[in-house]
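Dear colleague,

I am handing over the structure we spoke about, and I would be glad if you could look through it before reading my notes. What I found in it is set out underneath.

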Amino acid sequence: MAQRGRPKSEGPTRDFVVSVRLTESEHDEVALAAGAAGVSLSAYLRARGVAAAKRSVRRGASSPES
């Protein structure tokens with residue numbers, strides 16, 4: 001019998017969901033940047049958010065305003 005459904009991902013599983021509310025203009029800006037980068041909105045926000053968090057940790061900052 002043929003397999004059905006989506007094949008299992010070989011990469012790390014993403015088990016957490018983070019909901020973010022944006023204004024229409026914020027959404028348009030981020031969507032435009034994601035499109036220019038050739039990635040989905042989720043992939044763009046994930047990559048930028050993780051990169052910003054890593055920079056913050058390296059600097060020893062405790063909040064985004066630091």
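The notes below go from the overall make-up to the helices and then to the patches on the surface.

Please keep in mind throughout that this is a predicted model. The protein has two helices and zero strands, and of its 66 residues 6% are buried. Its accessible surface amounts to about 6,500 Å², with carbon and sulfur atoms accounting for 54% of that area.

Helix H1 covers residues 24-37, and its length can be checked with a short piece of arithmetic: at 1.5 Å a residue, the 14 residues of H1 should span 20 Å, and this agrees with its end C-alpha atoms, which are 20 Å apart. Just after H1 comes Gly-38, whose phi is positive, at about 75°. Helix H2 takes in residues 41-59, and Leu-41 is part of H2. With a relative accessible area of 29%, Leu-41 counts as partly exposed, because that category lies between the limits of 20% and 50%. The C-alpha atom of Leu-41 is separated by 9.2 Å from that of His-27, although the two residues are 14 apart along the chain.

Turning to charge on the surface, I found a negative patch formed by Glu-24, Glu-26, Asp-28 and Glu-29. Glu-26, one of its members, is placed in helix H1, and its relative accessibility of 35% is the reason that Glu-26 counts as partly exposed.

There is also a patch of positive charge on the surface, where Arg-48, Lys-54, Arg-55, Arg-58 and Arg-59 gather. Among them, Arg-58 belongs to helix H2, and Arg-58 counts as exposed because its relative accessibility is 65%, where the cut-off for that class is over 50%.

Which residues form the nonpolar patch on the surface? They are Val-18, Val-20 and Leu-22, and together they offer about 300 Å² of accessible area. Leu-22 is found in the segment before H1, and at 38% relative accessibility Leu-22 counts as partly exposed.

In short, the surface carries a negative patch that includes Glu-26, a positive patch that includes Arg-58, and a nonpolar patch that includes Leu-22.

With kind regards

Technical notes:
Residues are numbered from 1 along each chain as its sequence is written. This is a predicted model: local features need pLDDT of at least 70, side-chain atom pairs count only at pLDDT 80 or more; totals for chains, interfaces and linings use all residues. Side-chain values use heavy atoms; hydrogens and water are left out. Patches are made of residues with over 30% relative accessible area and no salt bridge: like charges are joined within 9 Å, nonpolar side chains (Val, Leu, Ile, Met, Phe, Trp, Tyr) within 5 Å. Accessible areas come from the Shrake-Rupley method with a 1.4 Å probe; for residues, only the protein chains shown count as cover. A salt bridge is a side-chain nitrogen of Lys or Arg within 4 Å of a carboxyl oxygen of Asp or Glu. Lys and Arg count as positive and Asp and Glu as negative; His and the chain ends are not counted. The place of a charge is taken as NZ of Lys, CZ of Arg, CG of Asp or CD of Glu. Helices (H or I, at least four residues) and strands (E, at least two) are DSSP runs, numbered from the N terminus. Buried means under 20% relative accessible area, exposed over 50%, partly exposed in between (1.4 Å probe, protein chains only). The expected span of a helix is 1.5 Å times one less than its number of residues.
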